[in-house]
Amino acid sequence: MTDLAAVKAALRTQAVETPSWAYGNSGTRFKVFAQAGVARSPWEKLQDAAQVHAFTGVAPTVALHIPWDTVEDYRALAEYAGDRGLRLGTINSNTFQDDDYRLGSVCHPDPAVRRKAVGHLLRCVDIMEATGSRDLKLWFADGTNYPGQDDVRARQDRLAEALAEVCARLGDGRRMLLEYKLFEPAFYTTDVPDWGTAYAHCLKLGPKARVVVDTGHHAPGTNIEFIVAVLQREGRLGGFDFNSRFYADDDLMAGAADPFQLFRIMYEVVRGGGLAADVAFMLDQCHNIEPKIPAVIRSVMNVQEATAKALLVDREALASAQREGDVLGANAVLMDAYHTDVRPLLAEVREEAGLDPDPVAAYARSGWAKKIAAERVGGRQAGWGA
């Protein structure tokens, strides 16, 4: 039988990092839809992130994206976050929005372009030191569109060289999280297309380098929880970019498309001790048509619900069924946990922490949306490339 007190205790330890870009305007290749009250600066993004943390109690860190969140004084930004009950979290680099990167960044055939890209990554390491951030997250749009366009093996050599230089600059307690993506914007080859490629590079770089799993970056039908289990077993699971997808990298709210998949992933995390380890739970989402802050709150809650269900799996009964070869019995143990309505349990956890049991409703009553719509008039709203 599952110990509910232990489940509650585990849920209280979970933290979900929210991304600064989720509080800005975003959209598709066709249109970015602006919304009233959207943050105009990193400072205002932190104000909105503080609302998410205030109502959920489990979102104390905010990931930054450079150069979208460039400021003159990062220590001052960290202090501003601290004054609002937050910390600055993962630093995300950007080597995909410059004209020089048309043929790649760290994998570009031109050494000068590669030097420019590595220089940006090293600057991100400096920002980590100023903000007190633990993780540097790297995602590269590098790849090719046509057979013969470039030497595939040479591009891997260039990638390895760049990663080694950046990893060597990381101080004690700092980590490099390498993200992979099946395709887009490169369509023939992507230089870091899958977890195996990312893992191979991290293995050579040493213990500071780990793999980050974006739940939207896989081919349809991919067993993501298997990837999670293997990386965790090898001690190389650095964290997650939680989002949901129907077709490709849709960046929808976590658990929106396939909540059962999110549950299965979280079960492997729980099974491998990930809640008590240093696996980073991050959101990576774009809220194009829905209000930003309530959507982030809902995503955090969806991750919590999947985690709660994973914690409710009767591990002893499952292990017994597995030993006995009871296929249906083992599956039933998982399904019983998945079908459990954990919303009352999470409401209790929030109330015991002095929070409203319904974060979405509490935020709606707070008046913050009306406040920022009235006050944030003029200036340039934050968004992709802002």
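Modeller: Let's start with some vocabulary: helices (H or I, at least four residues) and strands (E, at least two) are DSSP runs, numbered from the N terminus. Pro 185 is in the loop between two such strands, β6 (175–179) and β7 (189–190).

Biologist: And what kind of model are we looking at?

Modeller: This is a predicted model, where local features need pLDDT of at least 70 and side-chain atom pairs count only at pLDDT 80 or more, while totals for chains, interfaces and linings use all residues. Residues are numbered from 1 along each chain as its sequence is written, and side-chain values use heavy atoms, with hydrogens and water left out.

Biologist: OK, back to that loop. What sort of peptide bond joins Glu 184 and Pro 185?

Modeller: A cis one, with omega about 10°. There's a cis bond from Ile 66 to Pro 67 too, with omega near 20°, and Pro 67 sits in the loop between β2 (61–65) and α3 (74–83).

Biologist: What makes Glu 184 count as partly exposed?

Modeller: Partly exposed is the range between buried (under 20% relative accessible area) and exposed (over 50%), with a 1.4 Å probe and protein chains only. Glu 184 has 33%, so it's partly exposed. Its phi is positive as well, about 80°, although it isn't a glycine.

Biologist: Why is Asp 251 called buried, then?

Modeller: Its relative accessible area is 11%, so with a limit of under 20% it's buried. Asp 251 also has a positive phi, near 55°, and its place is the loop between β9 (237–242) and α8 (259–271).

Biologist: How do you know that β9 and β10 pair?

Modeller: Two strands pair if DSSP finds at least two bridges between them. β9 and β10 have 4 bridges, so they qualify, and they run parallel. One example: Asp 241 has Met 282 in β10 as its bridge partner.

Biologist: Which strands make up the whole sheet?

Modeller: 8 strands, in the order β1-β2-β3-β4-β6-β8-β9-β10, form an open sheet with parallel pairing.

Biologist: And why do β1 (18–19) and β10 (280–283) count as edges?

Modeller: Each has a single partner strand, so one side of each has no neighbour in the sheet. In general, strands of a sheet pair through backbone hydrogen bonds, either parallel or antiparallel.
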